[in-house]
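Subject: Structure handover and findings

Dear colleague,

Please find below the structure for your records. A description of what was found in it follows.

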Amino acid sequence: MELRKHYEGRVSSLTAQLKKRKARNRYFISLEIATFAAVIASVAVYTATEGYGLPCLLSGVAATVAYIVARWADGRNSDEIEQLESLLQVNSDELAGLAGDYSPFDDGQRFADPHHPYTYDLDIFGPESLFQRINRTATTGGSEVLARVLGRDLSSAEGLLCEIGGDIASTIDRQARIINEFAARVEWRERFIATGKRHPIDTAALLAATKETGEEAYPLWLGSRLTQIAITLLPAGLIVCIALAVAGEISSTLPTLWATVQFFLALFLTQRPLQKISKRLGKLTRQVKPMMDLARLTGQAGHEWQQLGAAEHCWHQLGQIVKAIDRRGNLLGLLFGDALFLSDIRLVARVLRWQRVYLDKLPLWVALVTRCDALVSMATMRYNHPEAGSAEMVDGDGVKLEARGLWHPFLGRKAVKNDFTVADRNFYIITGANMAGKSTFLRAVGVNYVLAMNGMPVFAEVFRCKRFNLFSSMRTSDDLAHGISYFNAELLRIKQLIASCEAHRHTLIILDEILKGTNSLDKLNGSRMFLEWISRKSVSGIVATHDLELSKMEGERFHNYCFEIGLGDKVTYSYKITQGVARNQNATFLLRQIINDKQI
């Protein structure tokens, strides 16, 4: 409730601010029209009458200054309106998310992989997925980093967003602290996310364009010290000539000829380099300013990102270059710019200077921004779920997972919490009727382990675990295009599971029915044979099944748990896991109800 009030309050406040800014915008437009008309009127009176020269000149200058100030203020106000609209969208989207509508957020379907060890089974990517519930990234690179984190090899440090500064457990704890710190910085996170709302940043395209620009061979002498001296002295000399010509000291032919030579000199020397630069950088018009804002915000994130102070200046310089390229489309501006100031030579020199100073550092700076981008999304999840807890990493080898009050993050307030413990090289056979909660429970264990291993909030009152490999097989499907039947797909998945277990010292396997594509007796015998064989490996397992015969494997390392249902006038579900074997099944009961309803 407090969370909803926060977002509703922000929406109300931002809507009011936006209304005021838009009203102010109309005022500025009126002021611009009035001051521009005053400039025209001053010129008209000056040219049409005599004796009012000085007053007309002063009023014209004043009106021009007022027009320039009004234009500047209007631009600032428009930028503020755009920022407020983005912030409003951020808070409106969060309200939609609280109501269960995650459609405003990217679902990461492009990252879905049916062959991944666990992401496909645990709904990590795709519509209504974990990724969609977490993702608030402002950059495509940030989305890719977040996807890599959620799908990484959980038994290793590879893919963690924090630098390794000790053992993996301490690194995960450090990442959790950063996430918690970011979660507390509400306004900073809001501005960060808002930066990508209006113009999402394609970091791959940005890096490719700047890399191509940097690799082009431009005439290096255009950026030399001698050229810098020349493009300073030549325009200064032209201005002196113009002043002398106005004073009648020299003929006007000299400055005219000088300006013409400067124009064609700039055009001749820079035409080919600027064609290449425009081709590469022209597409970045809407990318550079948001990236500069993100670099500034990332630099405020803490000591780890303070090296991005220079990055903001880098993006500012690149933004000025891109604006200068855009201005070249104005032919009149191009004519006067080159004729008077050799603008195109200055522009190429700026590109060369930018290339020399910043180009090599750009990939690192972009990587830092995208890493921070992913952490901001993870921190927003932390903020949006104050009911969630924090995981405790346990030292040592082997599989260990202890959960108290565990629930699936997708279920929200209606979730039933469960306690469960997984010990090293132990197997847990879970029986129960259809819809009793077996598959949801298996996913709750897997999803919370993925969250824990990335320092994110876990949906449990207590969650302790060691670091181990995770492999699941819950959603096998056939592939008719490649001639793979359902049963063959099951076998291929088991083969992949075995390879994963052999490649890692300790693995937790989560299975929802084994060998679903064959007959009951063959399935039972195959399942028993597989579990007996895999139990001799350094593996622990949670196995949901309808085969009650598998429960007879109970012994030193095989344990029976169940989700029991109640059968009366209707089926009742407790969704609580208990020790033992399920006694009641619901398929016949529910089918009988359907048939009886049809007969009536």
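Which residue lies over the face of Phe 105, and at what distance from the ring centre? It is Arg 136, at 3.7 Å from the ring centre of Phe 105. A second arrangement of this kind involves Arg 185, which lies over the face of Trp 188 at 4.6 Å from the ring centre. Please note that the model is predicted.

Overall form

The secondary structure of the protein comes to 18 helices and 10 strands. The C-alpha trace spans about 110 × 55 × 45 Å along its principal axes. The radius of gyration is 34 Å, whereas a compact globule of 600 residues would have a value near 25 Å. Of the 600 residues, 47% count as buried. Considering contacts between residues at least 6 apart in sequence, 74% join residues at least 24 apart.

The six-stranded sheet

Six strands make up an open sheet of mixed pairing, in the order 6-7-8-4-9-10. Its edge strands are strand 6 (469-473) and strand 10 (571-579), each of which pairs on one side only. From one strand to the next, the twist averages 15 degrees.

Strand 8 has parallel partners on both sides. Strand 7 (residues 507-512) runs parallel to strand 8 (residues 539-544) and is joined to it by six bridges. Within this pairing, Thr 507 has Val 539 as its bridge partner, and Leu 511 stands opposite Val 543. Strand 4 also runs parallel to strand 8, with four bridges between them; here Ile 430 has Ala 544 as its bridge partner.

How many of the six residues of strand 8 are buried? Six of the six are buried, and the strand is thus described as mostly covered. The cover extends to both faces: Val 539, Gly 541 and Val 543 are buried on one side, and Ser 540, Ile 542 and Ala 544 on the other.

Towards the other end of the strand order, strand 9 and strand 10 run antiparallel and are joined by six bridges. They form a hairpin with three residues between them. In this hairpin, Ile 565 of strand 9 has Tyr 573 in strand 10 as its bridge partner.

The four-stranded sheet

A further open sheet, also of mixed pairing, consists of four strands in the order 1-5-2-3. Strand 1 (392-393) and strand 3 stand at its edges; each has a single partner strand, so one side of each is left without a neighbour in the sheet. Strand 1 and strand 5 run parallel and are joined by two bridges, and Glu 392 stands opposite Arg 464 in strand 5.

Helices across the sheets

Helix 15 (residues 438-452) lies across strand 4 (427-432), strand 6, strand 7, strand 8, strand 9 (558-567) and strand 10, and runs at about 150 degrees to strand 7. Helix 15 also lies across strand 1, strand 2, strand 3 and strand 5, where it runs at about 110 degrees to strand 2. Helix 15 therefore lies across strands of both sheets described above, as the contact cut-off of 4.5 Å between heavy atoms defines it. Helix 17 (residues 520-534) lies across strand 4, strand 7, strand 8 and strand 9, running at about 155 degrees to strand 4.

Aromatic pairs

The count of aromatic pairs comes to 20. One of them is formed by Trp 407 and Phe 459, which are edge-to-face, with 5.7 Å from centre to centre and 90 degrees between the planes. This pair links distant parts of the chain, 52 residues apart: Trp 407 is in the loop between strand 2 (401-406) and strand 3 (418-422), and Phe 459 is in the loop between helix 15 and strand 5 (462-465). Both Trp 407 and Phe 459 are buried.

Why is the pair of Phe 420 and Tyr 561 edge-to-face? The ring centres are 5.3 Å apart and the planes stand at 70 degrees, and planes over 60 degrees apart count as edge-to-face. Phe 420 in strand 3 and Tyr 561 in strand 9 are 141 residues apart, so this pair too links distant parts of the chain. Both residues, Phe 420 and Tyr 561, are buried. They also belong to one aromatic cluster, together with Tyr 428, Phe 441 and Phe 563.

Yours sincerely

Key
Residues numbered from 1 in each chain as written. Predicted model: local features only at pLDDT ≥ 70, side-chain atom pairs only at ≥ 80, totals over all residues. Heavy atoms only, no water. Pairing = 2+ DSSP bridges. Axes fitted to C-alpha atoms, helices over the stretch in contact; angles between N-to-C directions. Phe/Tyr/Trp six-rings, centres within 6.5 Å; stacked < 30°, edge-to-face > 60°. Buried < 20%, exposed > 50% of the residue type's maximum accessible area, 1.4 Å probe, protein only. Lys NZ or Arg CZ within 6 Å of the ring centre and 35° of its normal. Rg over C-alpha atoms; globule rule 2.2 N^0.38 Å.
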